[in-house]
Amino acid sequence: MTGGDAKAVKTFLLLLVFLGAVMMIFFYTARKEVLEIAQVTVPLSSHEPRMIAWEQLRALKDATKVEVRVGGARVIAEVMRSDAKRQQGLSGREGLAENEGMMFIFDKAEAHSFWNKDMKFPIDILWMARGEVAGVSPLPMYDGASPAIITAPSPADVVLEVPAGFAAERAITAGNTITIYETK
C-alpha cells in the first residue's frame, strides 16, 4: 500500500468513526424526545373503566355501583351481596331508571329463586353464569295477594334486575356475553 492509499484509508476510517458518533448522538436525542413526549401523553385507556373479572365479583360490597354491559346495552347497577340486602332487593322502591339496575352476587351458581313481594313495578331478571346470560325471566309487580316466585332456568351466580321490557327491547337472550366494569 502506498502512502497515498494509507492516508485515504485512515481518512475513511476517521470519517466512519465521526459519522458513527453523530448517528449515536442523533438517535440518543431522538429517543430521549420520544420518551419525554410519551410521559406527557395521556394514555387512551385512562378513559375506559377497569373491567372486573367474573371471579372477582364476590369481593364487591353492598351498595357498590358497577357498569354492566350486555347485548350492546349499558346498565349502572347497585350491588347486593349480603343476605339482608338480597332479600330486600327492589321491594318498596318506586322504580328503576331506563339504564339502571340491581345486581345480586351469590357465592355459588344455583337455581336461585326471586319473588316480587312489595314490588311496585315489573322487572326483567337476567340470570348470569360464567360471564354469560343463562336466561331471562319477566317478574310482574306485586298484586297485593301472594308474591310470584321465579326460579332460574339454569344455575346462576349473578342476577341482574332491570326495568320490564329491557331484555326484549335490546334482544338480550341466553348466551349473550356480559362484562362488568368499575364505576368512578
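In this predicted model, residue E78 is found in strand 3, which covers residues 73-80. E78 is buried, because its relative accessible area is 14% and the limit for a buried residue is under 20%. Its side chain has a polar partner: a contact of 3.1 Å joins it to the side chain of R93. R93 also appears among the residues that E78 touches beyond four places in sequence, together with A63, T64, K65, G101, M102 and M103.

Strand 3 also leads to the nonpolar interior. The largest nonpolar core has 24 residues, and the members that touch the most others are L57, V66, V68, M103, L160 and I180. Several elements each supply at least two residues of this core: strand 2 (65-70), strand 3, strand 4, strand 6 (123-129), strand 9 (156-163), helix 3 (166-169) and strand 10 (178-182). The largest share comes from strand 3, with 4 residues.

V66 offers a view of the surroundings of one such core member. Setting aside neighbours within four places in sequence, V66 is in contact with I52, L60, V75, I76, A77, V79, M103, I180, Y181 and T183. A second core, separate from the one just described, consists of 17 residues, and M80, M102, I123 and A156 are among them.

Y181, one of the contacts of V66, also has a charged residue over its ring. R69 lies over the face of Y181, at 4.0 Å from the ring centre.

The aromatic residues form a further part of the picture. The model contains 3 aromatic pairs. One of them joins F104 and F114 in an edge-to-face arrangement, with 5.0 Å from centre to centre and 80° between the planes. Since F104 lies in strand 4 (residues 100-110) and F114 in strand 5 (residues 113-115), this pair ties together parts that are 10 residues apart in sequence. F104 and F114 are both buried.

F114 takes part in another pair, this time with F106. The arrangement is again edge-to-face, with the ring centres 6.2 Å apart and an angle of 90° between the planes. F106 is buried, as is F114. Taken together, ring pairs link F104, F106, F114 and W127 into a cluster.

Definitions and conventions. Residues are numbered from 1 along each chain as its sequence is written. This is a predicted model: local features need pLDDT of at least 70, side-chain atom pairs count only at pLDDT 80 or more; totals for chains, interfaces and linings use all residues. Side-chain values use heavy atoms; hydrogens and water are left out. Rings of Phe, Tyr and Trp (its six-membered ring) pair if their centres lie within 6.5 Å; planes under 30 degrees apart count as stacked, over 60 as edge-to-face and the rest as tilted. Buried means under 20% relative accessible area, exposed over 50%, partly exposed in between (1.4 Å probe, protein chains only). A charge sits over a ring if NZ of Lys or CZ of Arg is within 6 Å of the ring centre and within 35 degrees of the ring normal. A polar contact is a pair of N or O atoms within 3.5 Å; within protein, one must be able to donate a hydrogen and the other to accept it, and residues adjacent in sequence count only if both atoms are side-chain atoms. Contact means heavy atoms within 4.5 Å. A nonpolar core is a set of buried Ala, Val, Leu, Ile, Met, Phe, Trp, Tyr and Cys residues joined through side-chain atoms within 4.5 Å.
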